[in-house]
Amino acid sequence: MRKLWGWKGTVIGTWLTVVSVFAIYTATFGVMQPRIQRGVHLLFLLPMAFILFPATRRSPVDRIPFYDWILAILALLPPFYLILNNDALSMRLEFIDPLTTLEMVLGGLNILLLLEAIRRAVVPAMTILIVVFLSYLYAAPYMGGVFFAKPLPLSELIEMQYLITDTGIYGAITGISATFVALFVIFGAFMESTQTGKFFTDLACRLAGRSRGGPAKVAVISSSFFGSISGVAAANVYATGTFTIPMMKRLGFRPQFAGAVEAVSSSGGQYMPPIMGAGAFVMSEITGIPYLQVCIAAALPALLYYTSLIIRVHFIAVKDNVKGMKEEDMLVPVSTIIRDTYLLLPIVGLVAMLLMGYSVFMGAMGAIVSSFVISFFKKKTAMTPVRLFEALKSAGQKMIMIALACAGAGMVVAIVTHTGLALGIATVINHWSGGFLLPALVLIMGTSLILGMGMPCTPAYIIAVTIGGPALVTLGTDLLASHLLVFYCAILAEVTPPVCIPAYCAASIAGSKPLQTGFEAFKLAIVAFLIPLIFIYNPALLLNGTLVEIISLVLVLLIAVVFLSAALTGYFFTILSLFQRTIMAAAAIGAFVFCAHPDLVGRPMTLAAATLAIVGFFVWLFLRSRATDPVTDNT
């Protein structure tokens, strides 16, 4: 991004602050009409893509070229026209009343500018994906079978993308960005201003720092906390990885492994309740399922995701004889952490308000206000006018990427729904899978991973679920479980080579090769790929079952995760031979298959057997820890 100083920096900072204040204003005094709300949102944020993000690597970063000024001014015109003519546009008959020449020009301009803005501020891969879908509109009349669609006039394309508010650039997805997501971005900026992210890292150090491979476990724990608030995996990598990655390297982890741990941990934070980045709000709006119900359902899969990472990291650390952190490596004493637990009050308050039945708007506003209040508990974090301005400016800056990505996802959703492409793809998936659920799930997961490569999680989820969702519905899967599966895969796409941005960001900190770090991250996350398959077959993992069913399932899954982690790592209290690793992998797969049968997992005998196995495992772990180092002495 460009770093601008002087009057330019002040003006742009004020501009970004205004869009944050606008989001707070509409949340407090009521959401405006959709076209006006979304128009104002993009009126402020679309021009910033050209002001703050250079066109190429060779473009200047300390000043704004004249052509970017021109593009920024042009970007003001399309949303400004919608705001001024909202009443007239609301009265027109969609796809019946002809477009004026001015609307054709502004609509075409809006599409082109948005594509360029996404290329700069989000990722080029998303621009390419949108262009592919736009090209499909004109190729579809020449295609056969389920991919056929009637020819689409240019005027209809522009109306679909520019003028209507159901889908397209100013559709419902952009509406979510302008309301729920904007508020929680502001909340995240306030939490950063109160140094809550640092508190999470300090807490993680004290919880796991002294154990084997401590810094890697610190990365897992702190990223799970911070990633839920930040909602952007790459930002999370830079926020926590600047401390954890050098520490991991210093204690003996390979550079690419250190970067991979941080990348996988940072990506998974978007699945961690109570905030889940922005995904929970988007999912709630798309499905109509209450936000709190989405968070509750996502809790156990998220915990299993991070448990699998902790176990993998522990086995690798013991196998490679990596020690824990020393006392002098700890950031702060225990007394300081206990004193700073008040920083969690906004999150606790948010959850409490949602449990009491308050709306997401009220919960978010309560969290923002409480963050502002507790900032005054310390002089160095007090929200003085300058710090308040910086926090609101930071929030506005972070909204740019999210708003553009959501607008781009809205373009794809408009094309898919208008042409019936989603139903065509659902037909193909059902045909290729032979009507069986497991092959269909594998195909949908693969589609989600491919569509999500190189894209932020939220738009990747929106596009993937628009395409793959109908196929899951036709197979009779639960609506929430289907959406959570696609969302889970959209997260895992961020650590799936060859395009895995968080891993590349971590590699820049670790000083390792990007692609090697990406493949290392993918190997670390392999266990996590099996978790969404389980909750499709067994709703108990989404806390939809009896207490015996839930506890039994979690215990058996823990056994499966331990065995599979051991097989992948090649270590289980001792170095494993190839035959032993094969046996462990077979046992793990058998346990996963067992978990997919609710009638088997829910039996009391299963609970008793799993409990004995877990207790026996920890007793063995304790006894082995008191013996000689199992890596150097296998007796």
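In the predicted model, a search of the whole structure identified one cavity of 30 Å³ or more. The largest cavity holds about 40 Å³ of space, and the residues that line this cavity are Gly268, Tyr271, Ala302, Tyr305, Tyr306, Tyr488 and Ile491. Two elements, α14 (291-319) and α22 (479-492), each give two or more residues to the lining of the largest cavity. Of these, α14 supplies the largest share of the lining, with three residues. When the lining of the largest cavity is divided by residue character, six residues are nonpolar and one is polar, while no charged residue takes part. The polar one is Gly268, because glycine is counted among the polar residues in this division, whereas Ala, Tyr and Ile are counted as nonpolar.

Attention then turns from the interior to the surface. A nonpolar patch is formed there by Leu345, Val369, Val373 and Phe377, which together present about 370 Å² of accessible area. One of these residues, Leu345, is found in helix α16, which covers residues 345-355. The relative accessibility of Leu345 is 47%, and Leu345 therefore counts as partly exposed, since this class lies between the limit for buried residues, under 20%, and the limit for exposed residues, over 50%.

The backbone was also examined for unusual local geometry, and three places in loops are described here. The peptide bond that runs from Pro497 to Pro498 is cis, with an omega angle near 10°. Pro498 is located in the loop that joins α22 and α23 (501-510), and α22 is also one of the elements that give two or more residues to the lining of the largest cavity.

Positive phi angles were found in Phe95 and Asn321, neither of which is a glycine. For Phe95, phi is near 60°, and the residue is placed in the loop between α4 (86-91) and α5 (101-121). Because its relative accessibility is 36%, Phe95 counts as partly exposed. For Asn321, phi is about 60°, and this residue is found in the loop between α14 and α15 (334-339). With a relative accessibility of 34%, Asn321 is likewise classed as partly exposed. The loop that holds Asn321 begins after α14, the helix that gives three residues to the lining of the largest cavity.

How values were computed. Residues are numbered from 1 along each chain as its sequence is written. This is a predicted model: local features need pLDDT of at least 70, side-chain atom pairs count only at pLDDT 80 or more; totals for chains, interfaces and linings use all residues. Side-chain values use heavy atoms; hydrogens and water are left out. Patches are made of residues with over 30% relative accessible area and no salt bridge: like charges are joined within 9 Å, nonpolar side chains (Val, Leu, Ile, Met, Phe, Trp, Tyr) within 5 Å. Accessible areas come from the Shrake-Rupley method with a 1.4 Å probe; for residues, only the protein chains shown count as cover. A salt bridge is a side-chain nitrogen of Lys or Arg within 4 Å of a carboxyl oxygen of Asp or Glu. Helices (H or I, at least four residues) and strands (E, at least two) are DSSP runs, numbered from the N terminus. Buried means under 20% relative accessible area, exposed over 50%, partly exposed in between (1.4 Å probe, protein chains only). On a 1 Å grid over the protein atoms alone, a cavity is a set of points where a 1.4 Å probe fits but cannot get out, and a pocket is an open set with protein on both sides within 12 Å along at least five of seven lines; lining residues have an atom within 4 Å of a point. Grid points are joined across faces, edges and corners, and a volume is the space filled by probe spheres set on the points.
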